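Here are some notes to go with the model, written for someone opening it for the first time. Have the sequence and the 3D view side by side as you read.

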Amino acid sequence: MKKYTAFPLAITTVALTATLATGCTTAKQTVQTTPTTQAMPTLALVLGGGGTRGYAHIGAIKALEEHGIRPNLVVGTSAGAMVGAIYASGKRIQDIEHAALTLNDTDLLTLAPSKQGLIDGTAIRRFVNDQVKHQTIEKFPTRFAAVATDAHAKTAVTIRQGDAGLAVQASSSLPNLFIAPRIPEHGGKKYTDGGQVALLPSAIAKSLGADMVIAVDVMATPTPPAQDKRTAQPTKNTAGIARTDTGIKAVWGDEVIEFPINKDAIAKSTQGLPISIDVDKLLGMIPNNAQIPLPANFPKTLPKTKGEMIRTINDVFLQNTSRATTADIQASDVLIAPDLSAYAIFDPTDKEKIIQAGYDATLQQMDQIKALLAKHGK
């Protein structure tokens, strides 16, 4: 099997395409929720959401291109919408990889705390539009659809024309974290992250006329080994908190963490304030030897390494959520599911390894992909 080598250069999300460069008038942004009547494509590439795990989509596309496989339709959610829009715009995969590896992910996040959210996603919009050379979606050489969620109706919508960057911004706007954009910008509906309703939008691709769907699921995780029901016993998982003579201690499993409190220092630092602080009374409000229940799958010991922390995030916060639906899995003729369980969904430090994982997983499915294409006369 050929080894994939990342270019010394290479799209991000957290997790995941206006006017032409010559200054032509921007087409009005619209949201379409029903299939178009034009000739439908036969092969769709579906790219799922998943934060910075979406870098794996770059490796998957690279493997497909090396084998002469290019889709007629690209459908993406969140991180998949970002990679998919730039790819569908005609940009070379080598240049997409370059942009990904040289991108400072924090440049896409502009803090703007408000009642609508914490992050202004317009930087994502600008980045994508720069990458697609300010083409509107309908000008792309490959048909493209970004999947977002109608913030009011909580239903999936596909955005297939207009401002590409705005479409990706909408598809990537996690509720309560990102400020939801409106489409059209003035007076339009609000749209949020498509992963809420279609993390892996394979069924949507089929509804758009795809005869074949190659889907890349970056949120799939290996199936854990089955437990013996005769010996597996549910255990209560708790963390304890207690007062000490010098402060507070927390007990987590077999570990004890001490939080010393210097009462004299606190008293000195609060002198002159318009209110007095009774440190002893404040400490007295802390429950003594209280047991705080934790989720059943929470670790019994504190995570000490990056790997342990990632596993905790994956096991606790992603279990039974952020998963492709059965309908979308069944709509995927070929499902590429790289094992990305070692990577957090908002950690861009392992871009090259994530890209590599997407590449390798796609190569492993190449025989099945080619058999599918042959079956349909491609």
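1. A definition to begin with: a salt bridge here is a side-chain nitrogen of Lys or Arg within 4 Å of a carboxyl oxygen of Asp or Glu. Asp163 and Arg125 fit that description, with their side chains meeting at 2.6 Å, N to O. Asp163 sits in the loop between β7 (156–161) and α5, and Arg125 sits in helix α4 (residues 122–131), so this pair ties together parts that are 38 residues apart in sequence. Bear in mind throughout that this is a predicted model.

2. Are the two partners buried or exposed? Asp163 has a relative accessibility of 5%, so it counts as buried. Arg125, at 17%, is buried as well. The pair also belongs to something wider: salt bridges with shared partners join Arg125, Asp163 and Glu185 into one network.

3. How many salt bridges does the structure hold? There are eight. Another of them brings together the side chains of Asp105 and Lys351, at 3.0 Å from N to O. This one links distant parts of the chain, 246 residues apart: Asp105 is in the loop between α3 (93–102) and β4 (110–114), while Lys351 is in helix α11 (residues 351–364). Buried means under 20% relative accessible area, so Asp105 qualifies at 12%, and so does Lys351 at 9%.

4. Now look at Arg70, which forms a salt bridge with Glu65; their closest N and O atoms are 2.7 Å apart. Here the partners are partly exposed: Arg70 has a relative accessible area of 36%, and Glu65 comes in at 29%.

5. Helix α2 (residues 79–88) deserves a look of its own. It is mostly covered, with ten of its ten residues buried. Among them are Gly80, Met82, Val83, Ile86 and Tyr87. Just past the end of α2, Gly90 takes a positive phi of about 105 degrees.

6. Which residues touch the most other members of the largest nonpolar core? That core has 65 residues, and the answer is Leu45, Ile58, Met82, Phe140, Phe144, Ile214 and Ile369. Helix α2 supplies the largest share of this core, seven residues. Apart from it lies another core of 15 residues, including Val46, Val75, Leu200 and Leu208. As background, nonpolar side chains in soluble globular proteins tend to be buried together.

7. Try centring the view on Leu45. Setting aside neighbours within four places in sequence, Leu45 is in contact with Ile61, Leu64, Pro71, Leu73, Val74, Val75, Tyr87, Ile214 and Val216. Two names in that list have come up already: Tyr87 is one of the buried residues of α2, and Ile214 is one of the best-connected members of the largest core, in the sense of touching the most other members.

8. Where does Ser173 lie? It is in the loop between α5 (164–171) and β8 (182–183). Despite being in a loop, Ser173 counts as buried, at 1% relative accessibility. Not counting residues up to four places away in sequence, Ser173 touches Phe178, Ile179, Pro181, Tyr191, Thr192 and Asp193.

9. Last, a stop at Gln161, which lies in strand β7. Gln161 counts as partly exposed, with 24% relative accessibility. Its C-alpha atom is separated by 8.5 Å from that of Lys139, 22 residues apart along the chain.

Technical notes: Residues numbered from 1 in each chain as written. Predicted model: local features only at pLDDT ≥ 70, side-chain atom pairs only at ≥ 80, totals over all residues. Heavy atoms only, no water. Helix = DSSP H or I, 4+ residues; strand = E, 2+ residues; numbered from the N terminus. Buried < 20%, exposed > 50% of the residue type's maximum accessible area, 1.4 Å probe, protein only. Contact = heavy atoms within 4.5 Å. Core = buried A, V, L, I, M, F, W, Y, C linked by side-chain atoms within 4.5 Å.
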